[in-house]
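Subject: Structure handover

Hello,

Here is the structure I promised to pass on. Please open it first, then read my notes below.

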Amino acid sequence: MSAYDVMFFDSGGHTFTISDTANQRMRSRTLDWTENYPRKLTLTLDNRTTVPAENFLSSSYAGWDVGTGALDIGIAIMYSVYPTATNTRTEVFWGMITELSQSSDGILTITAKDLLEKYEYLQPNGIVFKNYRDGEIKDTTEGVGARTIDGCTETGIVWPAVRVGVATTDMRTTLSGVGTNKEYLMISTIVPDAPDTLEYWYPAQAFVACGDGLIGVKYEYQTQNISVVGHIQCRLQADVEGYPSGVDIAVSEYQIALGTEAATPRQVDFTDELASKSVAIEKGQKYWIVFSCDDTIRCTEDAGGFVAIIYHTGVAALPYTDHYWWKLHDGAWTESAADRNLTLILDFADYTEIISDDYYVSGTTIVTNTNGIPITPIDTYYHLHRGKVSYYYGTVTTGEIFTKLTGYDTEMTASIDADCNTTFSLYQTRGKSVGECFRELCDTFETTGARSGYQHVITAYNDDVNDIVQVGFKTNPDGRTFSHGADSTTDDELRIVSINLKRTTTQRPASVIVIGKAASGAPIIVQRDDGSLGTSSFRTKSRMQLMTTLTDESINTLVDADRKAWQILDSFARDTWEGTVIVAGVFPDLFDLSVASESYGAGGHIHLKYSPLGINNVEFHVRGFVLHENTTEIQISNDDLLLLNALTEARGRAERSESFLAPDDPFTTAFVSGYTPTITADASLYMVLRNGGGGTEAPIAECHRILATKMANTRWNTNVYHAEFETDNGHTIDGTDLVTNLIMYDAPTGGAVHAGISLSTSLQFPKWRTTRVIAEIRCKAS
């Protein structure tokens, strides 16, 4: 039996070793290693002893160098062997025990997986992208039966867009009633024989948005005895737990005049302030208009004076407009008397969505079919850009995608080769584990840079300090030759114990036609044929003009059509040998075993001479191996060597991943869940999405609390709080502003924090205006 050693490590760094010379209780050992998959080590040990200090599953097991303890799930294992070629101790596995099973005859089976296994259990619901425009307002030009949305100038826009809309109907909310009463922004009070005193207030009026954009606000103000002029500020702020957020969404200033002005209307045109763009808001959400003035304004000394906003009395027509609130400069918000409202007119734009079938793209312009969708402006005072679009743009490299994917496990340190430079428009992970995503990307070929034409390889190891996940390249070095007894006289080649290979011959089409649809609506058609394979093609050998056609309207660029056509041809590999060869000896070095190498974990090539199957010195790629005590079962294939075109089915999937997304729905639903050991049993808790930790940071923009549904499981001592945040309940600002926390309160506003979770950096995500979030917090019940 070949030499080996297996070392076990507990969480405290204590160890014990089983080898061919020490603690000899090993019955069998098998290492299964396939490229880009987690390594699996299976050990069977003799554990028939009834002596606690000798039983591996006893807490009194005394084989450790320090202390006692049982083998358990999570304990680390390092496995080393002495390869036949070198007879030098070589580490071939580092991982964790994932399963322990003991039979009635006292045989203990240990299953361990390497650290890449961690990614097999992660299923993020995300998209890797470069940039995103979230509800960007664009200029429009009217035409006959059409309206163009202009200014889509970014490079690499992914079409169809996530959302395309035009403002078609303007709406107005008028808050008016009885009286022209004054709510002060500043008041100067006469003090005999002393300077006048000055006080400053902030009045604020709540309203509910009846459109997707705020065009403008009209208010009335009044002044008296102004001697030093300044500005009135009209601010738009989101609602946070029933009060203005304190953060301006938009602000407009107006300079008052000297002297005294009676009740004077003032029109705020946000389309003028924001270059003809309405202020993006969420229809149906609560907002505030907050007023203030410069603290440099002064009134004539000993004459008294003020700056004021006009309010009225009367029953409000809309919810959240039954009264206004006010506060001193550094005070708390105070509710005014019932039925008092600031006298305001608010103008909104309402956007109608245009489905992808009703627009096409021409250069930097979206041309929409708007027959039957008239524009109804409410006031010619405004000049409004009426386009509203959301889309992804730019490209991400293979390296950036790997960085995002490896980061989903924050305990792993990523080492990603700098030459991962091939670009993609998007990469989506929905419906796949991170491990599956790794294998999909590893099967792609680099198309640029120093590693053009190479596939990727991923593996994991421990460097005695950190757990490393490494992405490199398959450099496919030549390796050993294995021969049938009649095909060689070299002793070292005569190691074949058994062989199980299958040859597949498939009718590859002579040509493939792919028909797609451009964003303009025009067809895209390409034809690619098998002629590049010369005499090996099916057409040449059979003289049959076999052809296949694919029609797929999600293919909307010429590049995508080209890739798809080659991908289809690739899927018809012919004259492919694949299967297993069992050879005598221990040959883990058929894989690159050097962690310092860029191809660590990649299989090399072997040459096979086996005349009974007509194989004469054919080169095969080693896909994987199963290492036994004295033999090695090698998984081999030569399909990648017989194909001259370098795009694979998996590459097609990766490069076309954006086409698996509905045109108007690339990220509509995000699911986020987390566990907290905080004991929480309240029947009614309110959840909110936050950007920041704890209970003091503000929620993401325009997000209000949701009453969570409590789902209790007594058996598992768990309470799960489930909440769903609709598209109009909050949004992040851009790709760097992310949802970082889920927090629960005991009241819809105010109240105390009862539980919460912080999302790891890799699991934080943007909530677009088109995104719906399903969130769960899992808590201990007692």
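There are zero disulfides in the whole structure. A disulfide would be a covalent bond between the sulfur atoms of two cysteines. Keep in mind that this is a predicted model. Two cysteines are worth a look for their surroundings. Cysteine 152 counts as buried, because its relative accessibility is 3%. Cysteine 210 counts as buried too, at 18%, because the cut-off is under 20%.

Cysteine 210 also leads to the nonpolar cores. The largest core has 49 residues. Which of them touch the most other members? They are Phe8, Leu71, Ile77, Tyr79, Ile110, Leu608 and Ile636. Strand β43 (residues 615–627) gives this core its largest share, five residues. A second, separate core has 35 residues, and Cys210 is one of them. Tyr200, Val217 and Ile281 are also included there.

Take isoleucine 77 from the largest core as a starting point. Set aside its neighbours within four places in sequence. Its contacts then include Val6, Met7 and Phe8, as well as Leu41. Phe93, Trp94, Gly95 and Ile97 are also in contact with isoleucine 77, and so are Ile110 and Ala112.

Next, two helices. Which residues of helix α2 (residues 398–406) are buried? They are Thr398, Gly399, Ile401, Phe402, Leu405 and Thr406. These residues sit on the same side of α2, because they cover an arc of only 160° around the axis. Helix α3 (residues 434–442) is mostly covered, with eight of its nine residues buried. The buried set holds Val434, Gly435, Cys437 and Phe438. It also holds Arg439, Glu440, Leu441 and Cys442.

Now a sheet. Four strands form an open sheet in the order β45-β52-β49-β48, and the pairing is mixed. Why do β45 (669–679) and β48 (709–713) each have one side without a neighbour in the sheet? Both stand at the edges, and each has a single partner strand, so one side stays free of a neighbour. From one strand to the next, the twist averages 20°. Strands of a sheet pair through backbone hydrogen bonds, either parallel or antiparallel. β48 pairs with β49 (residues 718–725) in the antiparallel sense, over five bridges. In one of the pairs, threonine 709 has histidine 722 of β49 as its bridge partner.

Some backbone details deserve a check on screen. Most residues other than glycine have a negative phi, and most peptide bonds are trans. Asparagine 87 has a positive phi of about 55°, although it is not a glycine. Asparagine 87 lies in the loop between β5 (76–81) and β6 (90–102). Is asparagine 87 buried or exposed? It counts as exposed, because its relative accessibility is 56%. Glutamate 241 also has a positive phi of about 55° and is not a glycine. The loop between β16 (231–240) and β17 (243–255) holds glutamate 241. Glutamate 241 is partly exposed, with a relative accessible area of 23%.

The peptide bond between tryptophan 159 and proline 160 is cis, with omega about -5°. Proline 160 lies in the loop between β11 (146–149) and β12 (163–175).

Strand β12 also contains leucine 175. Leucine 175 counts as buried, at 5% relative accessibility. Its C-alpha atom is separated by 9.7 Å from that of threonine 313, and the two residues are 138 residues apart along the chain.

Best wishes

Methods:
Residues are numbered from 1 along each chain as its sequence is written. This is a predicted model: local features need pLDDT of at least 70, side-chain atom pairs count only at pLDDT 80 or more; totals for chains, interfaces and linings use all residues. Side-chain values use heavy atoms; hydrogens and water are left out. Helices (H or I, at least four residues) and strands (E, at least two) are DSSP runs, numbered from the N terminus. Buried means under 20% relative accessible area, exposed over 50%, partly exposed in between (1.4 Å probe, protein chains only). The arc is that of the directions from the helix axis to the C-beta atoms. Two strands pair if DSSP finds at least two bridges between them. Axes are lines fitted to C-alpha atoms, for helices over the stretch in contact, and angles run from 0 to 180 degrees between N-to-C directions. A disulfide is a pair of cysteine sulfur atoms within 2.5 Å. A nonpolar core is a set of buried Ala, Val, Leu, Ile, Met, Phe, Trp, Tyr and Cys residues joined through side-chain atoms within 4.5 Å. Contact means heavy atoms within 4.5 Å.
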